[in-house]
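Subject: Structure handover

Hi,

Here is the structure I promised to pass on. Please open it alongside this note.

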Amino acid sequence: MTDVRIVFRKYGGALHWNHPGRVLGEDEYGIWVAVPGGTVARKGDGPPVTWETTAIMLFPRDAWWTASFNTPPHKSEVYVDVTTIPEWRDDEVTMLDLDLDVIRLRDGRLILDDEDEFAEHQLLLNYPTDLITQAESTAQWLLDAVGERRGPFGGAHVNWLSKAE
């Protein structure tokens, strides 16, 4: 297994969430990475944050999102960031976080989060029209797929979780 640096940036290049992970493998959905409980992350250059629970992250090869499948007692079961297509360079995966998040809570509720931030950043960061359109259509697709537990959102992470322990 290979160590990797996971680097989310905001449109324009500003550093956002960044932390280490460990590549578990690859399947038809993309590349799966373990982020164990106890991992230290930072939001930009902010203070370190220690994550209490393990997450299995999925980085698709050609889709505008990245997903985290969280272990209990984390309040969200699935947390999907709308992003640009993840890019791999050596021991780093990076993407632009486009604000919108699709979250499935443990009780099954589905949330589209940070619509206000997305609207604000369209103006503040001057998002191009095609980026806005892509982010919105990706969020809609994710709401359907995550809500219906289709594809990787139907439990594909469980097999990878067993390899992370």
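Below is what I found, starting with the whole chain and ending with single residues.

Please keep in mind that this is a predicted model.

**Overall fold**

The protein chain has three helices and eleven strands. Their order is β-β-β-β-β-β-β-β-β-β-β-α-α-α along the sequence. The radius of gyration is 15 Å, which agrees with the value near 15 Å for a compact globule of 165 residues. The C-alpha trace spans about 45 × 35 × 30 Å along its principal axes. Of the 165 residues, 47% are buried. Take the contacts with a separation of 6 or more: 47% of them link residues 24 or more positions apart.

**Surface and charge**

About 8400 Å² of the protein chain is exposed, and carbon and sulfur atoms supply 50% of that area. There are 15 positive and 28 negative charges. The mean positions of the two sets lie 5 Å apart.

**Helix H2**

H2 has 19 residues. From first C-alpha to last, H2 reaches 27 Å, close to the 27 Å expected at 1.5 Å a residue. Which residues of H2 are buried? They are Leu 131, Ile 132, Ala 135, Thr 138, Ala 139, Leu 142, Leu 143, Ala 145 and Val 146. In an α-helix there are 3.6 residues a turn, so residues three or four places apart point the same way. The cover over the buried residues of H2 includes strands E7, E8, E10 and E11, along with helix H1.

Leu 142 is a good place to look inside H2, which runs over residues 129-147. Leu 142 counts as buried because its relative accessibility is 0%, and the cut-off is under 20%. Beyond residues up to four places away in sequence, Leu 142 touches Trp 65, Val 80, Val 82, Val 102, Gly 147 and Phe 153. Glu 120 is 22 residues from Leu 142 along the chain, and their C-alpha atoms are separated by 21 Å.

**After H2**

Arg 149 follows H2. Arg 149 sits in the loop between H2 and helix H3 (157-164). Its phi is positive, near 55 degrees, and Arg 149 is not a glycine. Is Arg 149 buried or partly exposed? With a relative accessible area of 42%, Arg 149 is partly exposed.

**Strand residues**

- His 16 lies in strand E2, residues 15-27. His 16 is buried, with a relative accessible area of 11%. Leaving out residues up to four places away, His 16 touches Phe 8, Arg 9, Lys 10, Arg 42, Lys 43, Gly 44 and Asp 97.
- Thr 66 is in strand E7. Thr 66 counts as buried, at 1% relative accessibility. Outside its neighbours within four places in sequence, Thr 66 has contacts that include Phe 8, Leu 58, Tyr 79, Val 80, Asp 81 and Met 95.
- Asp 99 belongs to strand E10. Asp 99 is buried, with a relative accessible area of 1%. Asp 99 has a positive phi of about 80 degrees, yet Asp 99 is not a glycine.

**A cis bond**

What joins Pro 72 and Pro 73? It is a cis peptide bond, with omega at about 10 degrees. Pro 73 is in the loop between E7 and E8.

Best wishes

Key: Residues are numbered from 1 along each chain as its sequence is written. This is a predicted model: local features need pLDDT of at least 70, side-chain atom pairs count only at pLDDT 80 or more; totals for chains, interfaces and linings use all residues. Side-chain values use heavy atoms; hydrogens and water are left out. Helices (H or I, at least four residues) and strands (E, at least two) are DSSP runs, numbered from the N terminus. Buried means under 20% relative accessible area, exposed over 50%, partly exposed in between (1.4 Å probe, protein chains only). Contact means heavy atoms within 4.5 Å. The expected span of a helix is 1.5 Å times one less than its number of residues. The radius of gyration is taken over C-alpha atoms; the globule rule is 2.2 Å times the number of residues to the power 0.38. Accessible areas come from the Shrake-Rupley method with a 1.4 Å probe; for residues, only the protein chains shown count as cover. Lys and Arg count as positive and Asp and Glu as negative; His and the chain ends are not counted. The place of a charge is taken as NZ of Lys, CZ of Arg, CG of Asp or CD of Glu.
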